[in-house]
Amino acid sequence: MILTELRMELNELNYYYNKLKFGEDNFHNLMKYRVKKILLISTFYDAYIFEYDAKLSNQIVGEYHSLNLTTVPLIISVSTGEEALKKIREEPFDLIISTMRIGEMGPFDLSVKIHEINQNLPILLLLTVKTDITLIENNSDKMGDVEEVFLWNGNPRLFLAMIKYIEDKRNAPYDTSKGFVNVILLVEDSVTFSSIYLPLLYAEIMEQTQRLISEEQNDNNKYLRMRTRPKVLMVRSFEEAIEAINLYKESLLGIISDIEFIHDGEIDTNAGFEFLSYLKEKQIDVPVLLQSSDASKQPKAESLGVKFLHKKSHTLLADISQFIYRKLGFGSLRFTDNSGKEVGMAKYLADLETVLPSIPPESLIYHSRNNSFSAWLTAHGEIEIAKRLRPVQISDFSSLEEHKEFLLQIFREVREQKNRGKIVDFSKNVLGQDDVIIRIGSGSLGGKGRGLAFFNALLAIMDLDSKFEKAVIKIPKSVILATGVFDQFIENNNLIDIHVDLTDKEIKKQFLNGVLPEQVNTQLFQFLYYCSCPIAVRSSGLLEDSQSQPFAGIYATYMLSNNYGSINERFEQLTDAIKLVFASVFLKDTVSYIETLNYGIEEEKMAVIIQEIVGNQYESYFYPHFSGVAQSYNYYPISYMKHSDGVANIAVGLGQSVVGGGKDHIFCPAYPQIEYETTEDMLRTTQTKFFALDMNPERSDLLKGEEVTLKQLSIQKAEKHKTLRHCTSVWDYINEKLIEDLTVQGPRVINFADILKYNFFPLSDILVEILDISQKALGIPVEIEFAVDLKKTSTSLPAFYLLQVRPLSQTYEEIQINKKDICPEKALLYSTEALGNGFLKNISDIIFIDPVNFDKTRTQEMKVEIRKFNEILKKEQKDYILIGPGRWGTRDQFLGIPVNWYEINNAGIIIETGLANFDIEPSQGSHFFHNLIALNIGYLNIPYHHNKDSFIDWQYLRSMEVLNKGEFFTHVARNTPFSILLDGKDGKAVILK
């Protein structure tokens with residue numbers, strides 16, 4: 001049962017993955033029938049003419065390559081019907097093309113014999129002499145199984161047209177019904193003219209497809225454009241034309257029809273007019289071109305409002321091209337005034353939004369009445385929108401301005417729908433659009449960027465919003481500078497080996513003096529013209545957040561208010577932040593971390609994410625209602641929770657409180673009502689401060705650090721801003737319980753009860769869904785960062801913003817620890833809250849801080865001292881066990897020792913201990929914590945109060961040989977290594993004496 005459910009879930013994700021990869025559900029199934037191998041049956045002379053006079057092979061290869069068609073068909077030639085039958089029995093073919101004279105067995109008899117071998121093989125007859133047309137017409141009942149007849153006219157494009165004719169005929173039923181593919185219908189009974197028209201039609205269609213491909217801003221859409229080009233269907237009689245109309249009326253782009261053709265088995269000199277009457281009766285309103293060898297038909301055609309061409313005109317082909325180009329919308333949409341003067345032109349879809357506001361009223365009226373907009377949209381592949389637009393009349397609006405605004409909204413909708421969930425190259429037109437990732441430069445998007453782009457696409461196609469009535473799920477608007485920009489910057493400014501001899505501060509200054517590529521600067525300026533809201537400038541290293549080595553918190557992130565001075569000043573600060581993110585690759589901490597992972601610094605490249613910050617402004621501060629981190633794997637489950645139920649940490653304001661290891665609220669998304677702490681503990685450990693972006697319009701010196709633009713505010717400030725309403729409970733002294741009423745006096749407890757217990761906002765359900773999807777998509781447990789804006793307006797719901805997705809590293813050997821088997825006298829310590837896995841027996845050194853020496857007001861001094869101890873052991877190439885109270889790596893100096901990774905990077909085991917008056921919950925959401933997991937460093941927690949099974953033998957530690965002693969820390973060692981067992985599956989650890 002469990003396996004069946006898992007398969008169903010994976011199949012569902014696979015379904016969405018295919019949508020993500022190929023676009024709409026069935027686009028990758030379009031054009032299933034492809035002609036890849038052709039058997040040409042002709043005399044040696046005809047074969048010579050085709051190959052050497054017309055240069056058939058070169059022309060076909062050239063045509064396919066020039067049109068970016070991927071499969072160039074192979075042509076195999078034989079000279080007789082007997083040879084052809086032998087070949088067909090030996091190997092598969094997709095198309096047979098035969099000339100008239102092929103030896104004793106004629107093409108008609110041959111076609112019957114071919115279908116005895118393979119009845120589905122299409123057979124075309126290619127006439128090389130015009131007089132053979134009469135022979136064909138007089139013997140139409142003896143055609144055998146020949147599907148269609150063409151006349152060689154010296155145009156090598158005829159072969160391409162014949163190939164595409166067969167492909168279109170086979171593919172049209174499925175492609176039009178499933179892929180919104182257009183159809184151009186050619187009604188022509190003349191073999192001569194159809195052999196001229198088809199190559200011309202396909203040439204125009206392929207050139208139009210190339211124009212549309214050049215307009216596309218992402219590779220997926222380019223791929224789909226080739227598959228969704230219009231089909232050309234050719235019919236010879238009135239009955240076939242009616243059948244085609246009934247089959248494809250919803251997909252018709254236009255019709256080119258003769259006037260005289262077969263009707264009821266006879267030539268009908270007015271069949272074209274009768275066909276027009278049928279179209280009018282069925283209310284089929286598409287551009288129609290009538291043509292005839294009889295010029296006297298022109299007045300009647302024009303009286304019916306239809307374009308007429310004389311087949312004997314010297315400009316026939318040029319006139320047909322103009323009809324395709326203008327009436328079918330293949331060319332630019334040209335706007336003219338009453339005098340015929342051009343007043344505007346839209347070459348691409350994006351141009352319409354720019355051109356339309358300035359179009360004069362008379363031009364707008366003309367193009368609306370002539371359905372120019374719907375025809376042009378249809379030719380550009382936007383069939384569904386065109387269908388909505390075609391029945392709209394100017395009279396439906398109170399004014400021309402209202403009509404114009406309606407059209408602009410339609411064009412915006414088309415553009416946004418095309419790009420939704422995609423990575424698009426930078427353009428002014430896409431700035432401000434939701435659901436897109438905008439790319440500047442070439443190269444990779446980096447680790448974070450890849451994750452953002454993937455989930456942006458996944459969220460767009462999965463439509464998760466429909467599952468949650470009270471919320472929307474989004475990714476903040478993001479622009480990503482790809483790694484190619486980093487490469488250019490490093491090379492142009494000679495910064496390749498900068499980290500070798502310089503300090504961190506000197507490296508940063510050198511980078512700030514560098515110059516970004518000119519085109520990048522131009523695009524950043526355009527971005528700032530659009531965006532004046534707060535932005536985050538985040539790292540996205542090539543190695544960052546990959547499945548084997550997460551880099552959480554290693555690189556820099558800068559939050560910018562983006563609201564001060566001139567645009568030049570905002571531009572300077574943005575580019576400074578980008579350069580400092582680039583510089584963070586070469587800083588001491590980063591180099592140390594990369595070397596720990598056995599990588600070289602030259603292997604890392606940096607992309608940069610510029611992302612709108614989630615939240616709202618309150619007084620001179622900007623922040624979301626709350627931010628958080630969630631993991632699909634819970635390392636410390638309580639009660640009846642399982643590891644796989646996940647865990648989340650959330651805090652009011654920006655996410656620094658959580659990722660920095662500060663005070664936050666912990667809960668399990670699967671069981672949000674279960675409290676991790678007692679009420680007494682919550683009153684003692686609740687969040688009392690929060691981070692916000694300082695919106696004072698002054699430029700900050702980013703060299704002072706990432707948090708120079710942030711303010712840490714009292715939680716009372718948030719209450720004043722009225723952002724705590726759904727995040728806070730109050731201790732009711734009278735009834736001795738927590739209540740959700742901020743009008744009551746009493747201590748505030750940030751426990752998000754209104755959200756987690758009463759589901760004001762479906763946070764838990766969203767996290768369960770996102771974590772589940774993310775873990776299945778990545779194939780391993782994951783961690784996400786998010787922010788929530790609870791602000792609700794008449795037009796918007798509260799929003800959950802996914803900021804980042806990264807993998808959690810998990811590796812388990814078969815290590816099992818049973819406390820019953822452990823003799824306390826033989827154990828230095830035992831923990832039931834442990835991370836890491838394996839059996840270590842190479843560590844003999846311990847650095848610890850004795851509880852009697854711990855003063856939480858002096859943790860900054862402790863940080864300096866431990867760095868010195870670490871440097872000594874690093875030079876001696878010795879790993880060590882590090883033991884100390886509170887949270888290691890926290891940003892809150894009162895919760896533990898605020899070390900950076902490089903300051904303790906030789907520790908092989910890190911242990912957090914609790915004290916009687918200082919028992920801090922381990923943080924599962926901090927960047928420091930995440931990197932310990934990624935490096936598989938043993939990480940143990942030994943609480944003082946709530947876990948009586950865990951213990952540490954302080955007396956044994958104090959009795960060991962002291963090698964070095966500082967004011968706070970003591971370095972002890974022994975001759976034989978400790979035996980260290982880490983049971984990652986059950987979260988237990990023991991260090992044996």
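In this predicted model, the side chains of Glu-90 and Lys-86 meet in a salt bridge, with 2.7 Å from N to O. Because the two residues are four apart in helix α4, about one helical turn separates Glu-90 from Lys-86. Side chains of opposite charge can pair when their charged atoms come close.

Helix α4, which spans residues 81-90, lies across strands β1 (37-41), β2 and β3, and runs at about 160° to β1. A second helix, α5 (residues 107-117), packs on the sheet and touches β1, β3 and β4; its direction makes about 165° with that of β4.

The sheet itself is open and consists of five strands in the order β2-β1-β3-β4-β5, with parallel pairing. Its edges are formed by β2 (74-78) and β5 (148-151), each of which pairs on one side only. On average, neighbouring strands are turned by 25° against each other, direction ignored. Within the sheet, β3 (residues 95-99) and β4 (residues 123-127) pair in the parallel sense over four bridges. Thr-99 stands opposite Leu-126 in β4.

Salt bridges also occur elsewhere, and the structure holds 31 of them. One of these joins the side chains of Glu-342 and Arg-334 at 3.1 Å, N to O. Glu-342 is partly exposed, with a relative accessible area of 40%, and Arg-334 also counts as partly exposed, at 32% relative accessibility.

Another salt bridge brings together the side chains of Arg-439 and Asp-425 at 3.2 Å, N to O. This pair links distant parts of the chain, 14 residues apart: Arg-439 belongs to strand β16 (residues 437-440) and Asp-425 to strand β15 (residues 423-425). Asp-425 is partly exposed, its relative accessible area being 35%. Finally, salt bridges that share partners join Lys-37, Lys-87 and Glu-91 into one network.

Methods. Residues are numbered from 1 along each chain as its sequence is written. This is a predicted model: local features need pLDDT of at least 70, side-chain atom pairs count only at pLDDT 80 or more; totals for chains, interfaces and linings use all residues. Side-chain values use heavy atoms; hydrogens and water are left out. Two strands pair if DSSP finds at least two bridges between them. Axes are lines fitted to C-alpha atoms, for helices over the stretch in contact, and angles run from 0 to 180 degrees between N-to-C directions. Contact means heavy atoms within 4.5 Å. A salt bridge is a side-chain nitrogen of Lys or Arg within 4 Å of a carboxyl oxygen of Asp or Glu. Buried means under 20% relative accessible area, exposed over 50%, partly exposed in between (1.4 Å probe, protein chains only).
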